[in-house]
Amino acid sequence: MYLAELSFKIIADTNFDQAEAAIRRYIEALIFNGQILGREFPTAWLQDRFNSRVVLPAEDALQQQYHSQRGKAVLEQLANSGLAYPQWQILGMDLMSSHTDPCLSSDYYILYSRFSETCSPLRCGEHFAPVPLYKFSALADDHEQLIRWQLQYQALDEIQMQQNRVLHKSAERSLQQLSSKLNQQGHALARRFERISLTPVFYALYSGSSDNCITETDKRCPGCKGSWRLDQPLHDIFDFKCDTCRLVSNIAWDCQSPS
Ligand SMILES: [Zn+2]
Ligand SMILES: [Zn+2]
C-alpha cells in the first residue's frame, strides 16, 4: 500500500465548512469505491489549499477512470465549493499495511477480514493478498455495502480480541455462526461479487472457540452438513473448504496446539 497526499487548491471564495464538506464527500466516495483505504484522512488547511493524507491500495488508485458515478459527481461539485480538481503525489510505501495482489485476475477469491487490517476484504485465492475493489468499478457502481460490512466485521473482531473484553460471547457468536446477521450479509455479498466478477468467491468463516475440541477437526460444513476437511491447510489458515457453499474456515483457534 502507498501513502499519498491529495491537494485541493482554493480557486474561488469559500469558507472552511463548505470546503471541508466537499472534501469529505469526495474522499468518502473514493473510500466506498476501494480507491482509498481505511477511514481516517487527516486534512490540513494551508492558506491557499487543503492537503489530505490517505492510504492507497496501488499507485494508480486515484485515477479518474476508476471513479464510480458518485465519485465523478462529487469531483465535479468541488468547484462549487471553491476548490480545484485535486492533485496528488505518492509519498512512499506504507510500511504498516500488506502488499496488494499482483494478479490481473484470479481463479477464485476469498472474502476475509480481520480487525487489524487496512486493506481490501477481497483476497486472491492463489496468493491470499488483498485485491483492490476499484479494479471492479466497471462491474459495480461502488462497493459501499461491502465496505460497510467490513467496518462492522472489524468492529466486532476488535471487541472479541481485547483482553478485558466486553460483549465477548455475543461478538464471537456474530463472527463464527454462519446464521448470524453479519455472516449472512458477508456470505450474500460474496455471492453477489461472484455474480458480477464471474469468478468463485469463498466466504471465510471465522472460528475462535469450540464446545468440543475432540470433534472440532471433523466438524461438518455448517451450510450443507457435508464433509469439507482439506488434506493440507490453505494459506496456513483454512482447514476446511466447501465448494458447494463457497465457504472456507479453520479449526477453532482455541483447539489448535501452539506450534
Ligand atoms: Zn494473486
Ligand atoms: Zn457446504
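**Packing around P121, helix α3 and the domain boundary**

In the predicted model, residue P121 makes contacts with L111, Y112, S113, L146 and Q150, when residues up to four places away in sequence are left out of account. P121 is situated in the loop that connects β5 (109-111) to β6 (122-124). Its environment is classed as buried because 27 C-beta neighbours fall inside 10 Å of P121, the threshold for burial being 20 or more. One of the contact partners, L146, is 25 residues away from P121 along the chain, and the C-alpha atoms of the two are separated by 8.3 Å.

L146 also belongs to the buried set of helix α3, which further comprises W149, Q150, Y153, L156, D157 and Q160. These residues lie on the same side of α3, since the arc they cover around the axis is only 135°. The opposite face, turned away from the buried side, carries the exposed residues L151 and A155. The buried residues of α3 pack against two further helical elements, α4 (168-176) and α5 (181-197). The length of α3 was also examined: the helix has 18 residues (144-161), and at 1.5 Å a residue a span of 26 Å is expected, which agrees with the 26 Å between its end C-alpha atoms.

At the level of the whole chain, 6 helices and 10 strands are assigned. The C-alpha atoms fill a box of roughly 70 × 45 × 30 Å along the principal axes. Of the 259 residues in the chain, 37% are buried. Among contacts between residues at least 6 apart in sequence, 64% join residues that are at least 24 apart.

The domain assignment divides the chain into domain 1 (2-93) and domain 2 (109-255). The centres of the two domains, taken over C-alpha atoms, are separated by 31 Å. Domain 1 contributes 15 residues to the contact, and domain 2 contributes 13 residues. On the side of domain 1 that touches domain 2, the composition by class is 8 nonpolar, 6 polar and 1 charged residues.

The largest nonpolar core contains 57 residues, and those with the most contacts inside it are Y26, L56, L111, F202 and A204. Helix α1 (residues 16-31) supplies the largest share of this core, namely 8 residues. Because domain 1 (2-93) and domain 2 (109-255) both give residues to the core, it lies between them. L111, listed among the residues with the most contacts inside the core, is also one of the residues touched by P121. For F202, the contacts beyond four places in sequence are with Y108, I110, A190, R246, L247 and V248.

A contrasting environment is found at W253, in the segment after β10 (247-249). W253 is classed as exposed because 11 other C-beta atoms lie within 10 Å, and the limit for this class is 12 or fewer. When residues up to four places away in sequence are not counted, W253 touches S207 and G208. The C-alpha atoms of W253 and Y203, which are 50 residues apart along the chain, are separated by 18 Å.

Conventions. Residues are numbered from 1 along each chain as its sequence is written. Chains are lettered from A and ligands numbered from 1 in the order in which they are written. This is a predicted model: local features need pLDDT of at least 70, side-chain atom pairs count only at pLDDT 80 or more; totals for chains, interfaces and linings use all residues. Helices (H or I, at least four residues) and strands (E, at least two) are DSSP runs, numbered from the N terminus. The expected span of a helix is 1.5 Å times one less than its number of residues. The arc is that of the directions from the helix axis to the C-beta atoms. Two residues are in contact if their C-beta atoms, placed from the backbone, lie within 7 Å. Domain bounds come from an automatic or database domain assignment. Ala, Val, Leu, Ile, Met, Phe, Trp, Tyr, Cys and Pro count as nonpolar, Asp, Glu, Lys and Arg as charged, and the others, Gly among them, as polar. A nonpolar core is a set of buried Ala, Val, Leu, Ile, Met, Phe, Trp, Tyr and Cys residues joined through C-beta atoms within 7 Å.
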